[in-house]
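Ready for a few exercises at the graphics window? Try each task on your own, then walk through the solution below it.

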Amino acid sequence: MLSGWNWVAYGFYLLLNICSLEASGGLVQSCGHIIPESPVLALGSNFTALCILNESCLDFGNIYASQIIWKIKNRVVPKEQYREINRTVSSVTFNDTSSLATPLTCNVLADGQIEQNIYGITVTVGLPPEKPKNLSCIVHQISKLTYPMTCTWNPGRHTFLDTQFRLKYRWPQENFPDCIPKDVNNSCTIPDVQFFVNLEIWVEAANALGKAESDHLVLDPIDIVKPLSPHNVTVSSGILPTVLKLSWENRISSAVMKLKFNIRYRIIGDTNWMEIPSEDTASPRTSFSVQGLQPFTEYVFSIRCMKEDGVGYWSDWSEEKTGITTEDKPSKGPPIWRIIDASHSPASWTVHLMWKTLKPSEANGIILQYELTVRDKSSLPSPVKKFNVTSTNLTLQLPNGTYEVTVTARNRIGASPPSVLLIPASNSKAPVKNLRTLPKYDKLWVGWTAPNSYVLKYVIEWCLVSSRSDCIIEWQIAQGDVQGIDLKGIKPFKCYLITVYPLYADGQGSGQSVKAYLKQDRPSKGPTVQTKKVGKAEAVLTWNHLTVDEQNGFIRNYTILYKTIDGNETEQKSP
C-alpha cells in the first residue's frame with residue numbers, strides 16, 4: 001500500500017506520461033524538445049543546447065525550467081553549466097566539445113522524487129577535412145588499348161565523421177563524372193584516359209563540417225604512363241663467342257609512344273646484375289646485341305622500357321630469359337708444378353708433374369685433353385717428348401738434368417697458350433727469407449721476404465703432417481710481386497708443413513719450410529713415464545714423445561711432479 005507522499009509522486013509521474021501521450025493524429029507529442037536537433041560539432045569548440053518545455057504539458061503540473069537536469073550518457077552535467085532562460089527554457093553550455101558524449105538528455109525531477117526524461121539528442125563530434133596533399137597519378141597500361149589512371153593522395157587527419165572524397169577531373173572545355181573511391185579514402189581509378197590533351201585533376205573532401213580541396217594537377221596522361229614490359233623475349237648466340245643477341249616485342253604502339261630500354265644481365269648463379277649503358281639503348285628498337293661476354297657462359301637477361309624522353313615510369317622487368325655464349329679457345333694455360341722423388345739410381349729422377357684445372361672463365365669451353373712437351377735442356381738438342389692426357393697429372397722417369405716442360409689445355413675450338421715450368425738440375429738460386437705464418441680467423445697467412453733477385457713466381461706447397469698417413473702435397477702459385485698469401489681449408493689443431501719456392505727465368509731457388517698450426521689446443525694425452533735408474537738421491541725418468549696427431553700444437557716443455565713419502569710435492573720442468 002502506497003503512503004501519502006508516494007501517492008503524490010506517483011500521481012505526478014502519471015501526469016507527465018499523460019502529457020507525453022497526448023496524441024494528434026495518433027502520434028505521441030513530447031513534453032519538450034532540445035535545439036539544435038542532433039548537431040554535428042567541431043572537436044574542441046564550445047556548444048550550447050536549449051531544452052524547451054511545452055506549455056500544454058506544463059498546464060497539468062508544477063514544472064519549471066529550474067527543475068531541468070542535463071545529462072550526457074547518463075552522467076549529470078554540473079549545474080554551473082546551466083542557465084535558466086525563462087520558466088520553460090533551460091540551456092547548458094560546454095566550453096570544449098571534447099568532453100561531450102552521446103546522448104545529451106533533458107530531464108525533470110517530479111516533486112524532487114521521480115526523474116523523468118523529457119527529450120534526448122545525438123551529438124556527433126568531429127573535425128572538418130584537411131586539404132588533401134601529395135596528389136599523384138599513374139597510368140598503368142593493361143593491354144594494347146587500355147590505359148586506366150590511378151591517383152593517390154594523403155587524406156589528412158582522421159575526422160571522426162563520414163567524410164567523402166571525390167577525384168575530379170576535366171578537360172579545358174569539358175567536365176567528367178567524379179571518380180568516387182571504393183572502400184578506401186586515398187585512391188581512385190579512372191577506367192580509361194585519353195592522351196595528347198591536358199587533364200586537370202584534383203581531390204575534394206567533404207563532411208558535415210566543411211569542404212577542402214587539394215592542389216590541382218595539370219598534365220597530359222601520356223607523360224605518366226607505366227607501360228607493359230617487353231614480351232616474347234628470346235636470346236640467341238652468334239658467330240662471336242662474346243656476343244648474345246636479344247629480341248623482343250613491344251606492347252605499346254610506336255604511334256602512341258616511342259620507347260627506350262634498360263637491359264640487365266648476370267651470369268647464372270650470380271646475384272649481381274650488370275646493365276647495358278643507358279645511352280646504348282635510348283632509342284626505339286626490338287633487338288640488341290650484348291657484347292663483351294665470357295665465352296661458353298650461361299647468362300640471364302631481363303628488359304624493361306619507358307617513354308623515350310624519360311618522362312613517366314619504367315615498366316616492370318620482363319620475364320627472365322637465358323642464353324649461352326659459344327666456346328672459344330682457353331685464355332691461359334693451366335698452372336703447373338712438380339714433385340721430384342729421389343730414385344734408387346743417382347743418375348735418374350721420378351718426376352710427378354701436376355697441373356690445375358682452369359676456371360670456367362679461363363677454359364672457355366669443355367677441356368678435351370691436355371698436351372705436354374718435355375725438352376731436355378742439359379744436353380745437345382734432343383727430340384721433344386710429347387704426351388696427350390685427360391687427367392691433371394703425369395709421372396715420368398727422367399735422367400738427372402735440366403728440363404723445360406710445357407702444358408696446354410685444348411677444347412673444341414683450340415688450345416690455350418702454353419704454361420712453362422723449368423726443372424733445373426739443382427735449386428741453386430736464392431731462396432726466400434724470413435718465412436713466417438699467422439692465423440687469420442679460418443685462414444692461415446703465409447708470408448716471406450723476397451730475395452734480392454727478380455722473381456717470376458712463387459710456388460707454395462703445404463701438406464698435413466700426420467703419423468697415420470703420408471704428407472699429401474697441395475700447392476698454389478703466386479705472382480712474383482706478392483710476398484704473402486692466405487691458405488684456405490686448413491684444419492685447426494693439425495700440423496702443416498709449408499714450403500715456398502721462388503721461380504726465376506733461368507732456374508729456381510731452394511725451398512724454405514716452416515711448420516704451423518691454424519689453432520692450437522692442449523695435448524690429447526700425457527706421455528707415458530718409465531723409471532730408467534733409481535738411486536739414493538736421484539732417479540732417471542724416460543718417456544716417449546707424443547705423436548704429432550696427439551700434440552694438437554707445439555710442445556713447449558714437459559713438467560715433472562713428484563712427492564716425497566711425507567707428502568712434499570716438487571715440480572720440475574724439462575725442455
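How many aromatic pairs does the structure hold? The structure holds 14 aromatic pairs, where rings of Phe, Tyr and Trp (its six-membered ring) pair if their centres lie within 6.5 Å, with planes under 30 degrees apart counted as stacked, over 60 as edge-to-face and the rest as tilted. One of them is formed by F195 and F196, an edge-to-face pair with 6.2 Å from centre to centre and 75° between the planes.

Before the next exercise, please note that this is a predicted model: local features need pLDDT of at least 70, side-chain atom pairs count only at pLDDT 80 or more, and totals for chains, interfaces and linings use all residues. Residues are numbered from 1 along each chain as its sequence is written, and side-chain values use heavy atoms, with hydrogens and water left out.

**Exercise 1. Place F195 and F196 in their surroundings: which aromatic cluster holds them?**

Step 1. Look for the further ring: Y147 joins F195 and F196 in one aromatic cluster.

Step 2. Now check accessibility, using these classes: buried means under 20% relative accessible area, exposed over 50%, and partly exposed in between (1.4 Å probe, protein chains only). F195 has a relative accessible area of 14%, so F195 is buried. F196 has 57%, so F196 is exposed.

**Exercise 2. Find the charges that sit over rings, including those of R266 and R338.**

Step 1. Apply the criterion: NZ of Lys or CZ of Arg must be within 6 Å of the ring centre and within 35 degrees of the ring normal.

Step 2. Go to W273: R266 lies over its face, 4.8 Å from the ring centre.

Step 3. Go to Y501: the charged end of R338 sits over this ring, 5.6 Å from its centre.

**Exercise 3. Work out how many disulfides the structure holds and which pattern they follow.**

Step 1. Count pairs of cysteine sulfur atoms within 2.5 Å, which is the cut-off for a disulfide. The structure holds 4 disulfides.

Step 2. Number the bonded cysteines along the chain, and the pattern reads 1-2, 3-4, 5-6, 7-8.

Step 3. Take C179 and C188, whose sulfur atoms are 2.0 Å apart in their disulfide. The torsion about this S-S bond is about -90°, so the disulfide of C179 and C188 is left-handed. C179 is buried because its relative accessibility is 9%, and C188 is buried because its value is 6%.

Step 4. Take C463 and C471, a disulfide with an S to S distance of 1.4 Å. With 70° about the S-S bond, the link of C463 and C471 is right-handed. C463 counts as buried at 5% relative accessibility, whereas C471 is partly exposed at 35%.

**Exercise 4. Which strands does the disulfide of C137 and C151 link?**

Step 1. Confirm the bond: the sulfur atoms of C137 and C151 are 2.0 Å apart in a disulfide. The torsion about the S-S bond of C137 and C151 is about 105°, so this disulfide is right-handed.

Step 2. Locate both ends: C137 lies in strand β13 (residues 133-140) and C151 in strand β14 (residues 149-154), so named because strands (E, at least two residues) are DSSP runs numbered from the N terminus. The pair links distant parts of the chain, 14 residues apart. Both C137 and C151 are buried.

Step 3. See how the two strands meet: two strands pair if DSSP finds at least two bridges between them. β13 and β14 pair in the antiparallel sense over 5 bridges, and K133 stands opposite N154 in β14.

Step 4. Widen the view to the open sheet of 4 strands, with the order β17-β14-β13-β21 and mixed pairing. Its edge strands are β17 (187-190) and β21 (225-226), each of which pairs on one side only.

**Exercise 5. Trace the hairpin that joins β18 to β19: through how many residues does it run?**

Step 1. Find the strands: β18 (residues 199-207) and β19 (residues 210-213) pair in the antiparallel sense over 4 bridges.

Step 2. Follow the turn: the hairpin joins β18 to β19 through 2 residues.

Step 3. Pick a bridge: N207 has G210 in β19 as its bridge partner.
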